[in-house]
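Hi there,

Here is the structure I promised to pass on to you. Have a look at it first, and then read on for what turned up.

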Amino acid sequence: MTVGIFPASGGLGGSTSNHLSKLLPAKDIVLINRHPEKTPSHLTEGGIRVRRASYESSAAELEEAFAGIDVLFLISYPSHVHEYRVKVQLPAIDAARRAGVKHIFYSSLGFGGDLQDRSLAVVMQAHLDTEKYLAKLASEDAAFTYTSIREGLYSESTPIYTAFFDPRDRAAAVDEILIPHDGSGPGISWVKRDELGEASARLIAGYVRDREGFPYVNKKVLLTGNREWSLAETVKVLGEIAGKPNLKIRQISVDEYVKLPQVQAVFGSEEKARTWATAWEAVRAGETAVVTPELEKILGRKAEEFDVTARKYWA
């Protein structure tokens, strides 16, 4: 059974590729990305095949890239823009099916509470649409199945939830984190990105080895850290790393947030920043506070705590 990862670059794609290379024979793995020549040599020298394609490729190019692949890990397009994500992801699924892919693992996101089909966060909407599309296809064709992996919020992704505070940047000597949230719970069950990559690889390998006994066929699975951290607790950890133990959150309005210079620099427009700000509404509603045992079961060990990951990452 041949497994493909698309796109096999970036944080989650690279991590999953590395871990999967230790779990399945190299001849059974195909990595697909925009720049296959940048694939790490320790993967290609081991016999893993690489192919060129991206979400912007034509339908024919995608179909060619997916040819001969039985199981595809489809990693979501890296944007929170709802309409564009759907526009590129659903055709990629169609191309995979035309190419003969029989099972798709989809990298969804850890909003939506305990596997609910709704969310207040704009960033989650394309994931929900994609999950519904996969479920529809599976209901219409018994030969096609899927698994949606709701990847918890990365421990390494705190900047986007803390107005782009960087603990390594001592020049940015702020005393307050200005966001449209007061920092109180419910919070976020942060999870290390590489542990999500490892768990995703283990899920894929588990399906390949025992398709009949795989527990997540046509289902969603939520992978989280082993405890919830409020945003205030999160900022306290980041402040300690930055040498600012008194760092605090000050709640501001969304109108104020979208005008912050560092926010404008990242999002490029107030409109995009405003749609991102819906993530705090979802956090406030408890969507990201759910803790499940699935990651620990899949890894066979406890997940690394957020503060441990943060200190390593921001060192």
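Ala59, Leu62, Glu63 and Phe66 are the residues through which H3 meets H4, and on the H4 side the partners are Ala92, Ala95, Ala96 and Arg98. Sorted by class, this contact has six nonpolar and two charged residues, and no polar ones. Please keep in mind throughout that this is a predicted model.

How do the two helices sit against each other? H3 and H4, the latter spanning residues 82-98, pack at an angle of about 50°, and their axes are 8 Å apart. Angles from 35 to 65 degrees fall between roughly parallel and roughly perpendicular, so H3 is oblique to H4. The crossing of H3 past H4 is right-handed.

Next, the salt bridges. The structure holds 23 of them, and three pairs are worth a look, along with one network.

One pair is glutamate 56 with arginine 34, where the closest N and O atoms are 2.8 Å apart. Glutamate 56 sits in the loop between strand E3 (49-52) and helix H3 (59-66), while arginine 34 belongs to the loop between strand E2 (29-33) and helix H2 (41-44), so this salt bridge ties together parts that are 22 residues apart in sequence. Are these two side chains buried or exposed? Glutamate 56 is partly exposed, at 38% relative accessibility, and arginine 34 is partly exposed too, at 43%.

Another pair links two strands. Arginine 250 and glutamate 176 meet in a salt bridge with an N to O distance of 3.0 Å. Arginine 250 is in strand E9 (residues 248-251) and glutamate 176 is in strand E7 (residues 176-179), so the parts tied together here are 74 residues apart in sequence. With a relative accessibility of 40%, arginine 250 counts as partly exposed, and glutamate 176, at 37%, counts as partly exposed as well.

The third pair is lysine 302 with glutamate 296, whose closest N and O atoms are 3.8 Å apart. Lysine 302 has a relative accessible area of 54%, which makes this residue exposed. Glutamate 296 is partly exposed, at 35%. As for the network, Glu195, Glu198, Arg202 and Arg301 are joined into one by salt bridges that share partners.

Some of those network residues come up again around leucine 299. This leucine is found in helix H12 (residues 294-299). Where does leucine 299 make contacts, leaving out residues up to four places away in sequence? Leucine 299 touches Glu195, Glu198, Ala199 and Arg202. From leucine 299 to arginine 202 is a step of 97 residues in sequence, yet their C-alpha atoms are 7.7 Å apart in space. The relative accessible area of leucine 299 is 7%, under the 20% limit, so leucine 299 is buried.

Glu198 also turns up among the contacts of histidine 19. That histidine is in helix H1 (residues 10-20). Not counting neighbours within four places in sequence, histidine 19 is in contact with Asp194, Gly197, Glu198 and Ala201. Histidine 19 counts as buried, at 14% relative accessibility.

If you open the model, the contact of H3 with H4 and the surroundings of leucine 299 are the places I would show you.

Best wishes

How values were computed
Residues numbered from 1 in each chain as written. Predicted model: local features only at pLDDT ≥ 70, side-chain atom pairs only at ≥ 80, totals over all residues. Heavy atoms only, no water. Salt bridge = Lys/Arg side-chain N within 4 Å of Asp/Glu carboxyl O. Helix = DSSP H or I, 4+ residues; strand = E, 2+ residues; numbered from the N terminus. Buried < 20%, exposed > 50% of the residue type's maximum accessible area, 1.4 Å probe, protein only. Axes fitted to C-alpha atoms, helices over the stretch in contact; angles between N-to-C directions. Parallel < 35°, antiparallel > 145°, perpendicular 65-115°, else oblique. Left-handed = near helix turned anticlockwise from the far one by under 90°. Contact = heavy atoms within 4.5 Å. Nonpolar A, V, L, I, M, F, W, Y, C, P; charged D, E, K, R; others polar.
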